[in-house]
Amino acid sequence: MEPDRAALAVASAKAAAVPGATVLAADTMVVLEGRVLGKPASPDEAADMLEALGGRSHEVVTGMALRADGGARAVVRRSTVRMRPYARREIEAYVATGAGLDKAGAYGIQDDRFRPVEAIEGCWCNVMGLPLWTAVRALAEVGCRAPRRPDQAFARCASCPLRSEDVA
């Protein structure tokens, strides 16, 4: 299954699994040269993923599913991420913390100690797992108002390319 459809399928299954009037779910996949890198099953797999990603670009695909009384939305957002070159000892030290074991591609863009990302084309929050501008707009379309805009919560969201997106 292609990454867009797979991310949407997982996000939709998560949303369907939770009872309630309004449910927002997301799933994020890291895609390197057409190969999906999910959450690593072991520290060795995490190290292999990070080794493969180092110094290269990959895509991050997030599927978001929203179910509410006011309707349903399903959206995919993509970002391109370029990783910095890093040494094997950095990978080993990061993997030893266990921080990447619960993340697609074995890394977290928000990890301040490892800082694996060199540059992003797209939305930083999408890479973290939830494109906030997309979520806020989709929620508004089904009658749920967020208490504040993403740029009021996080300074980086002020320059996000999704700030002026259209939600389909």
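1. Strand β3 is mostly covered, since 9 of its 12 residues count as buried. This strand is a useful starting point for reading the structure, which is a predicted model. Residues 57-68 form β3, and residues 71-83 form β4. These two strands pair in the antiparallel sense over 12 bridges, and they make a hairpin with 2 residues between them. Two positions illustrate the pairing: Gly63 stands opposite Val76 of β4, and the bridge partner of Met64 in β4 is Val75.

2. Strand β3 also pairs with β1, again in the antiparallel sense, over 9 bridges. Here Val23 stands opposite Arg67 of β3. As general background, the strands of a sheet pair through backbone hydrogen bonds, either parallel or antiparallel.

3. The wider arrangement is an open sheet of 5 strands, in the order β2-β1-β3-β4-β5, with antiparallel pairing. At the edges are β2 (35-37) and β5 (117-121), each of which pairs on one side only. Direction being ignored, neighbouring strands of this sheet are turned by 35° against each other on average.

4. Which residue of β3 shows how the strand is covered by its surroundings? Thr62 serves as an example, with its place in strand β3. Thr62 is buried, because its relative accessible area is 0%, below the 20% limit for that class. Leaving out residues up to four places away in sequence, Thr62 touches Ala7, Ala26, Asp27, Thr28, Val75, Val76, Arg77, Asn126, Gly129 and Pro131. Its side chain makes a polar contact of 3.0 Å with the side chain of Thr28.

5. Two helices should be considered together with the sheet. Helix α1 (residues 3-16) lies across β1 (23-32), β2, β3 and β4, and runs at about 150° to β1. Helix α2 (residues 43-53) packs on the sheet and touches β1, β2, β3 and β4, its direction making about 65° with that of β1.

6. Helix α1 deserves a closer reading. It has 14 residues and reaches 20 Å from its first C-alpha to its last, close to the 20 Å expected at 1.5 Å a residue. Its buried residues are Pro3, Ala6, Ala7, Ala11 and Ala15. What covers these buried residues includes β1, β2, β3 and β4.

7. Where do residues with a positive phi lie, and are they buried or exposed? In general, most residues other than glycine have a negative phi. Glu33, with a phi near 50°, has a positive value, and Glu33 lies in the loop between β1 and β2. Glu33 is exposed, because its relative accessible area is 70%, above the 50% limit. Ala106, with a phi near 70°, also has a positive value. Ala106 lies in the loop between α3 (88-97) and β5, but Ala106 counts as buried, at 0% relative accessibility.

8. How many disulfides does a search of the whole structure find? The search finds 0 disulfides. Cys125 is in no disulfide, and the nearest cysteine sulfur, that of Cys157, is 3.8 Å away. For Cys160, the closest cysteine sulfur is that of Cys123, at 3.5 Å. This distance is too far for a bond, because a disulfide requires sulfur atoms within 2.5 Å. Both Cys125, with a relative accessible area of 5%, and Cys160, with 11%, are buried.

9. Arg149 is found in the loop between α5 (132-141) and α6 (150-153). With a relative accessible area of 40%, Arg149 is classed as partly exposed, because that class covers values between the 20% and 50% limits. A polar contact of 2.9 Å joins the side chains of Arg149 and Asp151. Leaving aside neighbours within four places in sequence, Arg149 is in contact with Trp133 and Arg163. Arg149 and His58 are 91 residues apart in sequence and 28 Å apart in space, C-alpha to C-alpha.

Key. Residues are numbered from 1 along each chain as its sequence is written. This is a predicted model: local features need pLDDT of at least 70, side-chain atom pairs count only at pLDDT 80 or more; totals for chains, interfaces and linings use all residues. Side-chain values use heavy atoms; hydrogens and water are left out. Two strands pair if DSSP finds at least two bridges between them. Helices (H or I, at least four residues) and strands (E, at least two) are DSSP runs, numbered from the N terminus. Axes are lines fitted to C-alpha atoms, for helices over the stretch in contact, and angles run from 0 to 180 degrees between N-to-C directions. Contact means heavy atoms within 4.5 Å. Buried means under 20% relative accessible area, exposed over 50%, partly exposed in between (1.4 Å probe, protein chains only). A polar contact is a pair of N or O atoms within 3.5 Å; within protein, one must be able to donate a hydrogen and the other to accept it, and residues adjacent in sequence count only if both atoms are side-chain atoms. The expected span of a helix is 1.5 Å times one less than its number of residues.
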